[in-house]
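Trainee: Could you please take me slowly through a close look at one part of this protein, the largest pocket, together with its surroundings? I would love to see how the pieces fit into the whole picture.

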Amino acid sequence: MTKGRVLLGVVAAPHGVRGLVRIRSYTEDPMAVAQYGPLSDETGRKQYRVEALSTVKDAVLARIEGVADRTAAEALRGLRLYVERERLPATDEREWYEADIVGLAAVGRDGRDWGKVIAFHDFGAGQTMEVSGGSASRSSVMLPFTAEAVPEVDVEGGKVVVDPPAGVLPGGETKEA
């Protein structure tokens with residue numbers, strides 16, 4: 001369970017033979033993945049002390065305490081690294097941590113139930129928010145996470161207001177302009 005914790009990065013691959021790893025960082029500044037103290041796995045039981053060394057391509061080259069060779073580094077491939085939410089800085093207005101939004105109800109401007117926010121994805125063309133679909137759709141729906149498609153985020157109120165672009169609505173419906 002990851003409630004109260006935020007995903008900061010994922011170990012992508014080993015680097016070299018001395019136990020270094022490449023971490024795909026989800027922090028605004030990729031090197032900040034190591035600035036919040038020990039990180040934990042998805043269960044929260046195992047702790048990892050990470051030292052960010054440099055950036056390489058789209059990852060952070062890092063040393064993880066206790067990992068001394070390529071075999072040990074390879075064993076960490078895919079490891080998701082979390083930090084306790086309270087160790088992160090406060091957010092500004094119109095700024096949120098994804099962990100604060102996942103699980104919120106998604107409601108259309110017209111009152112339609114779009115389910116709950118399931119996850120966020122970035123496939124290279126900008127961030128998308130996945131919602132479970134609710135009564136509006138039988139399957140999950142991907143929405144661009146923009147001010148136009150998600151005009152309101154109310155963490156305290158437990159909801160996001162969505163205004164899906166044309167073509168996302170079931171049955172080929174389109175939004176009226």
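Mentor: Let's begin with words: helices (H or I, at least four residues) and strands (E, at least two) are DSSP runs, numbered from the N terminus. This is a predicted model, in which local features need pLDDT of at least 70, side-chain atom pairs count only at pLDDT 80 or more, and totals for chains, interfaces and linings use all residues. Residues are numbered from 1 along each chain as its sequence is written, and side-chain values use heavy atoms, leaving out hydrogens and water.

Here is the setting. The protein has 2 helices and 13 strands, and its C-alpha atoms fill a box of roughly 60 × 30 × 25 Å along the principal axes. Of its 177 residues, 35% count as buried (under 20% relative accessible area with a 1.4 Å probe, protein chains only; exposed is over 50%, partly exposed in between). Among the contacts (heavy atoms within 4.5 Å) with a separation of 6 or more, 47% join residues 24 or more positions apart.

Now to your pocket. A pocket is an open set of points on a 1 Å grid over the protein atoms alone, where a 1.4 Å probe fits, with protein on both sides within 12 Å along at least five of seven lines; lining residues have an atom within 4 Å of a point. The largest pocket holds about 1400 Å³ of space, a volume filled by probe spheres set on the points. Its lining is made of 41 residues, and Val 6, Leu 7, Tyr 97, Glu 98 and Ala 99 lie nearest the centre. Follow the chain and you will meet strand E1 (5–15), strand E7 (80–84), helix H2 (98–101) and strand E9 (113–122), each of which supplies at least two lining residues.

A good place to step away from the pocket's centre is Leu 88, in the loop between E7 and H2. Leu 88 is buried, at 9% relative accessibility. Beyond residues up to four places away in sequence, Leu 88 touches Val 6, Leu 8, Tyr 36, Val 83 and Tyr 97. You have already met two of these partners, since Val 6 and Tyr 97 are among the residues nearest the pocket centre. Leu 88 and Gln 35 are 53 residues apart in sequence, yet 9.6 Å separates their C-alpha atoms.

On the other side of E7 in the sequence, Leu 76 sits in the loop between helix H1 (70–74) and E7. Leu 76 is buried too, at 12% relative accessibility. Setting aside residues up to four places away, Leu 76 touches Val 11, Tyr 48, Ile 64 and Val 67. From Leu 76 to Val 21 there are 55 residues in sequence and 8.5 Å in space, C-alpha to C-alpha.

Next find Val 50, in strand E5, buried at 11% relative accessibility. With the same neighbours in sequence left out, Val 50 touches Ile 23, Ala 34, Leu 39, Ala 62, Arg 63, Ile 64 and Leu 81. Val 50 and Ser 40 are 10 residues apart along the chain, and 10 Å separates their C-alpha atoms.

Finally, go along E5 to Lys 57, in the loop between strand E5 (50–56) and strand E6 (59–64). Lys 57 is exposed, with a relative accessible area of 89%. Most residues other than glycine have a negative phi. Lys 57 is not a glycine, yet has a positive phi of about 50 degrees.
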